[in-house]
Amino acid sequence: AIVANHTIDSLKSNLQYDNTRGSFSFSGIIDSSFGLVFNGVASVQPATYVFDLERFSFGSNSYVWKNIDDVQLRIDHSGFRVAHALMKHRNESIALTGSISDSGLYDLTSTVTDFDLSGLQNIVRESKTFQPGVGFEGHVSGTVHLGGTASEPVINVEASGTDMLYRSTSI
């Protein structure tokens, strides 16, 4: 299958549901190199749909991000909420919490800790950036907050970096 100019192959999914509780799993490979795997449980609680991803990972080869604890998602009359999402790769981490209300208001916060910029080469997949001194280098930590609405987003970024380079030029 081709989605947004990306080839998606080796898709596997499973959904089992019984009354108010179920389980789900999904795995796939994008562009023959980037894997995505998740599984978890879903349930219907009073006025709330609950999705807990027990396993969530994505990446390629040795560059893989994995969740720490369940990724907890909730949908109810007030909107969509990320109660807890923490992903790690070695010493790096990315956390996400917040909500999108039923009226379309965003209140999402992501915290990035010790993100190794050389990992961008694994995402961008441009062959030139894999050569030493050509891609990104250094580490970044910070917080990103998305507020407002889809038509009037408000983005606040606070970040700091160390030893940041792009193509051997200091950033």
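The backbone nitrogen of D116 sits 2.8 Å from a polar atom in the side chain of E92. This report starts from that pair and then moves to the strands and cores around it.

The model is predicted: local features need pLDDT of at least 70, side-chain atom pairs count only at pLDDT 80 or more, and totals for chains, interfaces and linings use all residues. Residues are numbered from 1 along each chain as its sequence is written, and side-chain values use heavy atoms, with hydrogens and water left out.

**E92 and H89**

E92 is in strand β9 (residues 92-101). Strands (E, at least two residues) are DSSP runs, as are helices (H or I, at least four residues), and they are numbered from the N terminus. E92 is buried yet has no salt bridge, and R90, the nearest side chain of opposite charge, is 5.7 Å away. Buried means under 20% relative accessible area, exposed means over 50%, and partly exposed is in between (1.4 Å probe, protein chains only). A salt bridge is a side-chain nitrogen of Lys or Arg within 4 Å of a carboxyl oxygen of Asp or Glu. For charge, Lys and Arg count as positive and Asp and Glu as negative, while His and the chain ends are not counted.

The side chain of E92 does have a partner in H89, with a polar contact of 2.5 Å between the two side chains. A polar contact is a pair of N or O atoms within 3.5 Å; within protein, one must be able to donate a hydrogen and the other to accept it, and residues adjacent in sequence count only if both atoms are side-chain atoms. H89 belongs to strand β8 (residues 79-89) and is buried, with a relative accessible area of 5%.

Contact here means heavy atoms within 4.5 Å. Setting aside neighbours within four places in sequence, E92 is in contact with W65, M87, T113, D114, F115 and D116. On the same basis, H89 is in contact with S62, Y63, V64 and W65.

**Nonpolar cores**

A nonpolar core is a set of buried Ala, Val, Leu, Ile, Met, Phe, Trp, Tyr and Cys residues joined through side-chain atoms within 4.5 Å. The largest one has eight residues: Y63, W65, M87, V112, F115, L117, V140 and M164. Strands β6 (63-67) and β10 (106-116) are the elements that give two or more residues to this core. Apart from it lies another core of seven residues, including F24, L53, V82 and A85. In soluble globular proteins, nonpolar side chains tend to be buried together. Not counting residues up to four places away in sequence, L117 touches F136, E137, G138, V140 and M164.

**Strand pairing**

Two strands pair if DSSP finds at least two bridges between them. The antiparallel pairs are listed below, each with one pair of opposite residues.

| Strands | Bridges | Opposite residues |
|---|---|---|
| β4 (residues 34-45) and β5 (residues 48-60) | 11 bridges | Q45 and T48 |
| β5 and β7 (residues 71-76) | six bridges | F51 and L73 |
| β5 and β6 | four bridges | G59 and V64 |
| β9 and β10 | eight bridges | L96 and S110 |
| β10 and β11 (residues 136-148) | nine bridges | T109 and H145 |

Some of these pairs are hairpins. β4 and β5 have two residues between them, and A47 in the turn has a positive phi of about 60°. The hairpin of β5 and β6 also has two residues between the strands, with N61 at a positive phi near 50°. Four residues lie between β9 and β10, and G104 in that turn has a positive phi of about 90°.

**Strand β7 and the salt bridge**

L73 lies in strand β7. Leaving aside neighbours within four places in sequence, L73 is in contact with Y49, V50, F51, D52, L53, F80, R81 and V82. L73 and A42 are 31 residues apart along the chain, and their C-alpha atoms are separated by 9.5 Å.

How many salt bridges does a search of the whole structure find? The search finds one. The side chains of R74 and D52 meet in a salt bridge at 2.9 Å, N to O. R74 lies in strand β7 and D52 in strand β5, so the pair ties together parts that are 22 residues apart in sequence. Both R74 and D52 are buried.
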